[in-house]
Amino acid sequence: MIAAIVVTATAGDILTASAMRQVGDLDVIRERSGILGAAAAVVSNGRFGLGVVCLALSFFSLLFAFSHRDLSLIGPAATSLTFVTNALAAKWFLHEHVDRRRWTAAIFVCVGVALLAF
Amino acid sequence: MTFRRYLVLGVITLTASCGDTFLSRGMKSIGPVSLAHPGELIHAIFSPWVASGIVLLIGFFASYLTALSWADLTYVLPASSLGYVIMTLLARFWLHEHVSPTRWLGVVFITAGVGFVTRGPSYTDHSGGGPAEQHIAVPVETPEEVRQ
């Protein structure tokens, strides 16, 4: 159950980030075409739509998991693991420069979120 | 990273934490919702706290997408994690929830993680030659950009 939440959340985050990288700097688009133009640029991107679908699946997986297990287990476990899987997926699929600093940050936040459960 | 972009990260942090807190406050005032009566959830959306929480979370998503258009995912996610810290502070001092020492330790870890990531570059520029991992673009602010 936690794996389903983490995988769909990571897929959603990666697809959304990839879509925004494809769309380009929203500040520039907003200056040129206004807020509606920026919104249209985002919504018309296929990867963004797919990313939203994955995030929705993650949300419903979370609701399903909550109906079977405690919030205090599911919430922090899924959220903290997602930080690490996002870093891995961003390195492999988005080719982001994930250096030691970012790995350290991801692990610190992962541990910190997990500790919030206690 | 310009001051305006740090402001966007701040908006992400605040809207996420306040949005979740408002939702929690609103749903607690409504009481437990039974799966046998899912229509109660529709009714809950119109309560002031829940509606405000939804507006804030819409603001969060808009600012999150904006940040992703000029920064890496592995920068934005940790950098906006201060929202967990704010949520803990709101839970303790506004909702009067008990926050254990272990949770405060979690707050320290998250803050340290945020500090780590925000001291580094925010964006991997793939437009240059060579492997993407070796090329990190950090926009250099000219005095004119800073004054704007």
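**Cores and helix packing in a predicted two-chain contact**

In this predicted model, the largest nonpolar core holds 56 residues. Those with the most contacts inside this core are Val109(A) from chain A, together with Ala67(B), Leu68(B), Val76(B) and Ile110(B) from chain B. A second, separate core is made of seven residues, including Ile5(A), Val6(A), Ala65(A) and Ala78(A). Back in the largest core, Val76(B) is a handy residue to bring up on screen: leaving aside residues up to four places away in sequence, Val76(B) touches Ala67(B), Leu68(B) and Ala71(B).

It helps to look next at how chain B is built. Chain B has seven helices and zero strands, so to read along the chain from the N terminus is to pass through α-α-α-α-α-α-α. Of the 148 residues in chain B, 34% are buried. Among contacts in chain B with a separation of 6 or more, 69% are between residues 24 or more positions apart.

Where the two chains meet, chain B supplies 31 residues and chain A supplies 32 residues. On the side of chain B that touches chain A, the elements giving two or more residues are α3 (48–68), α4 (73–79), α5 (82–93) and α6 (101–118) of chain B. The largest share comes from α6(B), with eleven residues. Sorted by class, this side of chain B has 16 nonpolar, twelve polar and three charged residues.

The partner of α6(B) to look at here is helix α5 of chain A, residues 100–115. The axes of α5(A) and α6(B) are 7 Å apart, and the two helices pack at an angle of about 160°. Angles over 145 degrees count as roughly antiparallel, and α5(A) and α6(B) are therefore roughly antiparallel to each other. Their crossing is left-handed.

The residues that bring these helices together can be followed one helix at a time. From α5(A), the contact includes Arg101(A), Arg102(A), Thr104(A), Ala105(A) and Phe108(A), and further along Val109(A), Val111(A), Gly112(A), Val113(A) and Leu115(A). They meet residues of α6(B), among them Thr102(B), Arg103(B), Leu105(B), Gly106(B), Phe109(B), Ile110(B), Gly113(B) and Phe116(B). By class, the residues of this helix pair's contact divide into 13 nonpolar, five polar and three charged. Two names are worth a second look: Val109(A) and Ile110(B) take part in this helix contact, and both are also listed among the residues with the most contacts inside the largest nonpolar core.

Notes:
Residues are numbered from 1 along each chain as its sequence is written. Chains are lettered from A and ligands numbered from 1 in the order in which they are written. This is a predicted model: local features need pLDDT of at least 70, side-chain atom pairs count only at pLDDT 80 or more; totals for chains, interfaces and linings use all residues. Helices (H or I, at least four residues) and strands (E, at least two) are DSSP runs, numbered from the N terminus. A residue is buried if 20 or more other C-beta atoms lie within 10 Å of its own, exposed if 12 or fewer, and partly exposed in between; C-beta atoms are placed from the backbone. Two residues are in contact if their C-beta atoms, placed from the backbone, lie within 7 Å. A nonpolar core is a set of buried Ala, Val, Leu, Ile, Met, Phe, Trp, Tyr and Cys residues joined through C-beta atoms within 7 Å. Ala, Val, Leu, Ile, Met, Phe, Trp, Tyr, Cys and Pro count as nonpolar, Asp, Glu, Lys and Arg as charged, and the others, Gly among them, as polar. Axes are lines fitted to C-alpha atoms, for helices over the stretch in contact, and angles run from 0 to 180 degrees between N-to-C directions. Angles under 35 degrees count as roughly parallel, over 145 as roughly antiparallel, 65 to 115 as roughly perpendicular and the rest as oblique. A crossing is left-handed if the near helix is turned anticlockwise from the far one by less than a right angle, and right-handed if clockwise.
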